[in-house]
Every structure is written in C-alpha cells, then in structure tokens.
Amino acid sequence: MEFSGYNLRIGIIGGGQLGKMMTQEAKKMGFYVTILDPTPNSPASQLADEQLVGDFHDRNKIGELVTRSDVTTYDLEDIDVGALKELVEAGYVIHPSPQILEIIQNKWKQKKVLERSGIPIPRYRKVEGGALAAAVEEFGFPVVQKACRGGYDGRGVFVIRTRDDIGRALRVESFLEEFVEIEKELAVMVARSAAGEIKCYPVVETVFDEAANICDMVVAPALVEQRIQDEARRMAVAVVESLGGAGIFGIEMFLSKAGNVLVNEIAPRPHNSGHYTIEACVTSQFEQHIRAIMELPLGSTELLTPAVMVNILGEKGHEGPARFQGIREALRIPGASLHLYGKRVTRPFRKMGHVTVVDKDAENAFEKAQRIKTLLRVVSSDESRVKSQESRVGEGRGTPDSRLQTPDSRLQTRKMEARVGIIMGSESDLPVMEEAGKLLEEFGIGHELTIVSAHRTPERMFQYARKAEGKGIEVIIAGAGGAAHLPGMVASITPLPVIGVPIETTPLKGLDSLYSIVQMPAGVPVATVGINNARNAAILAAQILGVKYPQIRGKVKEYKQKLQEKVEEMARRVEQGKA
C-alpha cells in the first residue's frame, strides 16, 4: 500500500468515542475517514469526512463501507464477522482480521486460544446445557460465571458465592472461571503492525467502580514491582503474537494475592485503559493503531510522565439530554486535560468523557484525579429521574464482582465534594463503615471511602493522613478492629478531627478495639463511638461540619427531630396498649 499523503481512505465500523479519537489521529495524518454507525451524527462523525448510517450487522452497509475504503478497522466487537470474512476473501483489507475478531467475540474461544498458547489464565470450564448447578458444585464456591458472548463494561459477569445465587445466575451460554483473590487489576496496550513489528506500552493499574462494575480510573504506571511489570509486558506481547494481525490490542490482567499475573480478556482495538497515552506517551494508542493498520512504522511508547485517567460516567438516576457540572473547577487543576465524547444523551454509568491528569509526582497525579472525581457530574438537563432504566445497568451482570476492587486501592468518591474521609483497616470492615457513608449521603455530605491499613500499608496511611486536608477533607472517620491503631496513628499526623469506630472482632467482641482507640495519649485525641456504631460517627461528623455549614446543621436538626417524633410515636402506642 503506497502512502503519499491525502490518497488513502480509512473506514471505521463504530462511531463512538474510540472511533472519534481514531478519526482525530487519522485526520492529522491526512487520511479520508468514513464512519459506519447506526446513530446519525455519532461522536466520530463529528470529525470524519463522511458517515454511513447503518447497523453493525447490516451486510449491505458493511459492504458499502469496506468497498469504499483502502483499509477498514473497528472500534467495537459486536459486528457481523461473517460479512467481514467474505470481504477479506474478496481481497479487501480489514485490520485486525475477522478471524481475530471471531475469537475475541466469544470469551470461551479466547480462553481456549490463550490456553493453547501457554498463556497463564484463571482455571475455567464450560457450562454444558442446563447443568450449571452440577458444574458449580464440582468447581467449588465462590466462582465467576461469564457469558460467552456479549459481556461488556460489567455486563455478562455474575459471581456465584452460595447455592442460593445459582437461581439468579445468567441464563445464557456461559462458562465458569476461578474466583481469583486479586491484589490489583492490570492492563497493557500492545501494538502490532502488518509487517510484524511490535511495540508494548507501560503496565497500568485499572480501578473499578464497584456499583457499576466498570473501569473508573487508570493509574500509569502501575505501582508494582519491576518483576511484575516485566512479566505482564512479556505476557501481553505473547498474547498478541499468538493472535497475529495488525492494530492495537488491550490486554486485561489480574495480579493475584499470591503474586501471579493472569490474563483476563483481550480487546482488539484501542481500549479505555490506554486513554492516558494521549497526554502521557510519545505516541498515543490511537495514533499507534492508525500507524499499525496503514503499514507505517510504529511510534515510541515511552511514558513521558506519570498520569491518572478518570472516566466521566453518567450519574446514577439520570437519563436524558446531558448536562456537565464542575468542568470549570476541574480544569483549574494543573495538569488536567478534558475529553468529552460528543454524546448528547446521558444514562447511568454511560461513558461520557474522561479527564487525564499528568504530574511528575505520581502521588500528586492520583490526588488531583481524586479531586476531579468529586467535582465532575453528568446529569440529565431536565433533572428527570430514571425509573425502569436504572435496573438496566445490572442486566445480565448480577452481583458486582468485588474482585474488580483491590482492598488497598479501592476508593469510592461520592460525586459531591468530599468533606469526610472514611477509612478502615481491612475489607472485612466495609459492611460496618458503609453505614456511615449512607447516613452522610442522607445529610447531603460528600465523602470518600477507602482502605488504609496501619500495619500492612503504613506508607499509604502516612500519605493519606498528611494529604487529607489538602484534598478538602474536613473530618476523618477511621474504623479498626483488634489492635485498632489506625485512628490514633492518623490522629497523630493530621490536624483534622478524627472519629474512631471500634470494629467487633471474634476473640474479644470488639472490647479490644474500643479500649485501644479510647486510651490515646495526651495531645492525640480521638473521638470514639460505640462498637460497630459507624452511624453515630457519621452524625458526629455532621455535627462538626454543621458548626461551619448552616445547611448541614439544618439537616442534623431535621434528623434529630425525626428521631424524637419516632420515640414519641412509640411511647403513644405503648401507652395506648396499657390503657
């Protein structure tokens, strides 16, 4: 294929955000771009030379696009692969090849190909017919059920923890996969040209939104040992070599608590985990994809600066014309770059854009990204509430897969500005500490929730305590069990008020935790509530904030008035019963 500038045409099946960012790079290089997408004025069409309006399974439209293009590629997997194979047989160029797409479309086939290539993957087995219960019993609890086809952005995954969950399992062709105890989720982007040249990007960590089971943040580079980085990159290259083809590939991985790297899934296209490359690498994943499919030399994948990418997701409870809140405030943060995808309608957890923050200091980049998460919201312009649509997020997904959250890196930030930091020493404390978060939401108080272990991650604890004030946190609620050093250690570092929540432990029923938190030395006070009483901690935090914020003080007054009315009503019922 002779490239002399302004003489070649690229066809892209899919006009979403990935197609848009591919088009951006293709136009910079002088290519004529045609998009195929069922939505008129799709995000990619806003930059492309032309759009064909048609379904991804419309053979006639697919044929029209491919025959009008020198090279065709795609930004999604749900395409009529049979039509693509026929067009390749007729001599047209499609990258990555339809044969690769056919493998990727079926996660069961992916597993088989990876296994044959000697790539480490979680243990798995097919569910034959209606024999799910027998297969689960044989495999053991807990186990992950995955749909063979159609799973994307959290859909098509169901965690079966007990026999009771079997009745709620996916009713589609599926397979079972080992429930891996995960330390972190990793990802690597790998590019391969038609000539066989391969370039590998840095290893990144992906952090998931637990409510939607969808990627929430990407941290580049991943904070893992060099040994893990080398192993992940080696495996990612091996995966792409086993597939062949040209283009960019996203390789999703698990890092188990045992220190093993396992391949999870493959995307034969630009990937959410590679968006950071636009600002942080010499060559973005989108430019690299265009280079690879157009038989051009691949660019450098060098990481120029640490970066954190934050997805801008549609707010839960909103569907309709999109309205963005907090953009001005977010862009005041140094190093932040905004990408809006051009989607006019928002839905709960729909990817509406992303922000990438770059900083020479990785910790600073992460903190800035957290601040941006508290500022940005996507709501419907008419503030209409979703009724039946909210349930759609969980269709075919079932219980959110908690494997997608690593205990020491999970951070849930409520969309209003976080004023309260809720921390705990272990994931087992989460059921207790979540109650504080629920009550703070009732008061309209933004908060962030994370795990900071005084014993297992002391450096993380020190960093959190030192930097909480700078993030806008005004009160810290710290839950801990057993030795329960976390509240006191944090209180010794931060000038912010700290409220300790003793967590019940099996041997001493939480008394050890209570005594440890109460008996602080002079000069290091920790306000302490009853064992497991995180709700009281939330009330106390609201009262502290209420001194400064009249609106919060009013909410606390309303809450106490309701408590009083409830007790008075109980008293009336008792008195009437006695009478």
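**A walk through a predicted structure**

In strand 8, S174 is the bridge partner of A147. This pair offers a point of entry into the model, which is a predicted one. The two residues belong to a broader pairing: strand 6, covering residues 143–147, and strand 8, covering residues 174–178, run antiparallel to each other and are joined over five bridges.

These strands are part of an open sheet of four strands, arranged in the order 5-8-6-7 with antiparallel pairing. At the edges stand strand 5 (124–126) and strand 7 (157–160), each of which pairs on one side only. From one strand to the next, the twist averages 25°.

Two helices should be considered together with this sheet. Helix 5, made of residues 107–116, lies across strand 5, strand 6 and strand 8, and runs at about 130° to strand 5. Helix 6, made of residues 132–139, also packs on the sheet, where it touches strand 5, strand 6, strand 7 and strand 8. The direction of helix 6 makes about 15° with that of strand 8.

The discussion now turns to the backbone in the loops. The peptide bond leading from H95 to P96 is cis, and its omega is near -15°. P96 is situated in the loop that connects helix 3 (81–89) with helix 4 (98–105). A cis peptide bond also joins A220 and P221, with omega at about 0°. Here the proline, P221, lies in the loop between strand 12 (214–220) and helix 7 (226–243).

Positive phi values in residues other than glycine are the next topic. A484 has a phi near 50°, and is located in the loop between strand 24 (475–481) and helix 14 (486–493). Is A484 buried or exposed? Its relative accessibility is 4%, and A484 is therefore counted as buried, because the limit for that class is under 20%. For K509, phi is near 55°. K509 occupies the loop between strand 25 (498–503) and helix 15 (511–518). With a relative accessible area of 53%, K509 is exposed, because that class begins over 50%.

The last stop is on the surface. Which residues form a nonpolar patch there? The patch consists of L508, L511, Y515 and I531, which together have about 380 Å² of accessible area. I531 is placed in the loop between strand 26 (527–528) and helix 16 (534–546). The relative accessible area of I531 is 31%, so this residue is partly exposed. That value also meets the requirement for patch members, because they must have over 30% relative accessible area.

How values were computed: Residues are numbered from 1 along each chain as its sequence is written. This is a predicted model: local features need pLDDT of at least 70, side-chain atom pairs count only at pLDDT 80 or more; totals for chains, interfaces and linings use all residues. Side-chain values use heavy atoms; hydrogens and water are left out. Patches are made of residues with over 30% relative accessible area and no salt bridge: like charges are joined within 9 Å, nonpolar side chains (Val, Leu, Ile, Met, Phe, Trp, Tyr) within 5 Å. Accessible areas come from the Shrake-Rupley method with a 1.4 Å probe; for residues, only the protein chains shown count as cover. A salt bridge is a side-chain nitrogen of Lys or Arg within 4 Å of a carboxyl oxygen of Asp or Glu. Buried means under 20% relative accessible area, exposed over 50%, partly exposed in between (1.4 Å probe, protein chains only). Two strands pair if DSSP finds at least two bridges between them. Axes are lines fitted to C-alpha atoms, for helices over the stretch in contact, and angles run from 0 to 180 degrees between N-to-C directions. Contact means heavy atoms within 4.5 Å.
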